[in-house]
Amino acid sequence: MTVYSELGVRPIINAATTWTVLGGSLMPAEVLDAMREAAQAFVDIHELQAAAGRELARLTNNEAAYVTCGAAAGIVLGVLAGRTRGDLASIGRLLEGAGSELPDEVIMHTAHRIPYDPAVRFAGARIRPIGNVLQTFDWELEAAITPRTAAVLHVIGSFVAPGALDLATVVKVAHAHDVPVIVDAAAQLPPVSSFWRFTREVGADIAIFSGGKELRGPQSSGLIVGRARWIEAIRTNGAPHQRLARAMKVGKEEIAGLVVAVRRFVKIDHEQAWADLHERCTALADALSGLDGVKATVEDTNAAGARIPRVMVALDPRAAGRNANSVAAALRERDPRIAVRVGKGEYFHVQLDLLTQSEELAVRSRLVEVLSAS
């Protein structure tokens with residue numbers, strides 16, 4: 001009997017991706033052990049955040065780092081840092097419902113508008129869009145910067161439209177006006193170099209990563225890395241201070257778990273891991289491509305553009321007897337429940353990196369069964 005069965009909830013084999021709605025990813029034993037150990041003692045959270053930040057900065061080759069309760073919370077904290085710059089009087093003005101004189105605009109490319117940009121408004125700011133989904137010019141960014149500009153939020157990922165300025169140009173223009181650049185890189189791991197590429201190499205002020213995706217840390221954790229000046233401004237706004245971001249506290253267990261998760265991640269031979277996973281994906285694609293109306297191919301990256309191979313299964317509904325949505329529904333309804341990622345056309349993706357060996361076999365067997373029965 002598990003806690004899920006006690007509650008009447010059926011577990012899911014996640015062959016889709018690290019979606020929050022499916023619980024992100026699964027934590028390895030060393031992360032769980034660290035969280036369990038952290039849960040057995042009290043600690044000063046200010047001291048723990050500072051110590052964890054030093055270690056995470058070292059591991060990620062950054063000036064400073066901070067642990068928060070998810071990547072979206074990192075956006076809120078980054079915007080608050082841009083609005084207040086860590087100044088206690090400014091924070092106090094916002095706590096009183098005042099502060100109308102403080103910067104309250106965050107510049108975003110129209111091409112970068114994503115479902116997570118409401119986090120900007122959560123921090124009391126509004127989004128000022130620039131450009132369009134096809135193109136943006138540097139003079140449009142220059143023109144948008146005013147005394148009301150708190151920050152520029154730049155989203156990294158293959159899922160965004162191609163019409164944005166490159167990050168280096170954004171940094172150059174923004175920094176000429178002392179405006180910080182926040183990078184949302186939630187799902188841009190691997191490679192490990194993402195930890196420092198956007199900040200140390202390109203010059204962004206902070207970069208935000210999810211702790212519960214490929215890092216395999218706690219689902220309710222996020223990692224912010226970057227320049228010490230802005231990390232300190234984030235820390236001043238964040239929990240356990242009883243300020244605007246108090247609601248987004250992260251526990252001692254999540255802080256400890258994320259530190260261990262990052263230690264583990266930087267030690268992995270990601271090139272070998274990619275090759276092994278690509279081979280597994282190729283075996284699955286070969287097993288499915290012989291079925292009527294099915295064409296399966298291996299893609300080198302996942303939906304976010306991270307270097308994680310996955311299988312795309314394209315269907316000819318007439319020959320296969322099913323469309324992509326009906327296949328996904330059949331996989332989800334049976335026992336064990338299996339989740340895949342359905343595309344906008346007659347195709348779906350299968351991602352294997354989150355699966356155990358037995359789950360992978362179950363997914364392959366069920367896919368063959370469902371597609372053959374059609």
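**Exercise 1. Helices α4 and α10**

Which residues in α4 meet which residues in α10? Determine also how the two helices are oriented to each other.

*Solution.* The model is predicted. Step one concerns the contact: from α4 come Leu77, Gly78, Leu80, Ala81, Gly82 and Thr84, and they meet Trp230, Ala233, Ile234 and Asn237 in α10. Step two concerns the axes. Helix α4 spans residues 71-84 and helix α10 residues 228-237; their axes come within 8 Å and cross at roughly 100 degrees. Step three is the classification: angles of 65 to 115 degrees count as roughly perpendicular, and α4 and α10 are therefore roughly perpendicular to each other.

**Exercise 2. Two helices packed on α15**

Classify the packing of α14 against α15, then that of α12 against α15, and state the handedness of each crossing.

*Solution.* Begin with helix α14 (residues 324-333) and helix α15 (residues 357-373). Their axes come within 10 Å and cross at roughly 130 degrees. An angle between 115 and 145 degrees falls in the oblique class, and α14 and α15 are therefore oblique to each other. Their crossing is right-handed. At this contact, Val327, Ala330 and Leu331 in α14 meet Arg366, Leu367, Val370 and Leu371 in α15.

Next, take helix α12 (residues 270-289), which packs with α15 at an angle of about 20 degrees, the axes being 10 Å apart. This angle makes α12 roughly parallel to α15. The crossing of α12 and α15 is right-handed. On the α12 side the contact is made by Arg280, Ala283, Leu284, Ala287 and Leu288, and on the α15 side by Glu360, Arg364, Leu367, Val368 and Leu371.

As a last step, compare the two residue lists for α15. Leu367 and Leu371 appear in the contact with α14 and also in the contact with α12.

**Exercise 3. A cluster of phenylalanine rings**

Identify the rings that are linked into a cluster through Phe195, and give the geometry of each pair.

*Solution.* A pair of aromatic rings is described by the distance of the centres and the angle of the planes. The structure holds three aromatic pairs. In the pair of Phe195 and Phe209, the ring centres are 5.4 Å apart and the planes stand at 75 degrees, so the pair is edge-to-face. This pair links distant parts of the chain, with Phe195 in helix α9 (residues 194-201) and Phe209 in strand β7 (residues 206-210), 14 residues apart.

The pair of Phe195 and Phe265 is edge-to-face, with 6.0 Å from centre to centre and 80 degrees between the planes. Phe265 lies in helix α11 (residues 252-267) and Phe195 in helix α9, so this pair ties together parts that are 70 residues apart in sequence.

Combining the steps, ring pairs link Phe195, Phe209 and Phe265 into a cluster. As to burial, Phe195 has 0% relative accessibility and counts as buried. Phe209, at 0%, counts as buried, and Phe265 is buried too.

**Exercise 4. Backbone exceptions**

Where are the cis bonds before Pro190 and Pro336, and in which loops do Asn61 and Arg216, with their positive phi, lie?

*Solution.* Most residues other than glycine have a negative phi, and most peptide bonds are trans. Consider the peptide bonds. The bond from Leu189 to Pro190 is cis, with omega near -10 degrees, and Pro190 is found in the loop between β6 (181-184) and α9. A cis bond also joins Asp335 and Pro336, where omega is about 5 degrees. Pro336 belongs to the loop between α14 and β11 (337-339).

Then consider phi. Asn61 has a positive phi near 60 degrees and sits in the loop between α3 (45-60) and β2 (64-68). Arg216 has a positive phi of about 60 degrees, although it is not a glycine, and it is placed in the loop between β7 and β8 (222-226).

Accessibility completes the solution. Asn61 is partly exposed, with a relative accessible area of 38%, whereas Arg216, at 15% relative accessibility, counts as buried. The cut-off used for buried is under 20%.

**Exercise 5. A charge over a ring**

Which residue lies over the face of Trp274, and at what distance from the ring centre?

*Solution.* The residue is Arg307, at 4.9 Å from the ring centre of Trp274.

How values were computed: Residues numbered from 1 in each chain as written. Predicted model: local features only at pLDDT ≥ 70, side-chain atom pairs only at ≥ 80, totals over all residues. Heavy atoms only, no water. Phe/Tyr/Trp six-rings, centres within 6.5 Å; stacked < 30°, edge-to-face > 60°. Helix = DSSP H or I, 4+ residues; strand = E, 2+ residues; numbered from the N terminus. Buried < 20%, exposed > 50% of the residue type's maximum accessible area, 1.4 Å probe, protein only. Lys NZ or Arg CZ within 6 Å of the ring centre and 35° of its normal. Axes fitted to C-alpha atoms, helices over the stretch in contact; angles between N-to-C directions. Parallel < 35°, antiparallel > 145°, perpendicular 65-115°, else oblique. Left-handed = near helix turned anticlockwise from the far one by under 90°. Contact = heavy atoms within 4.5 Å.
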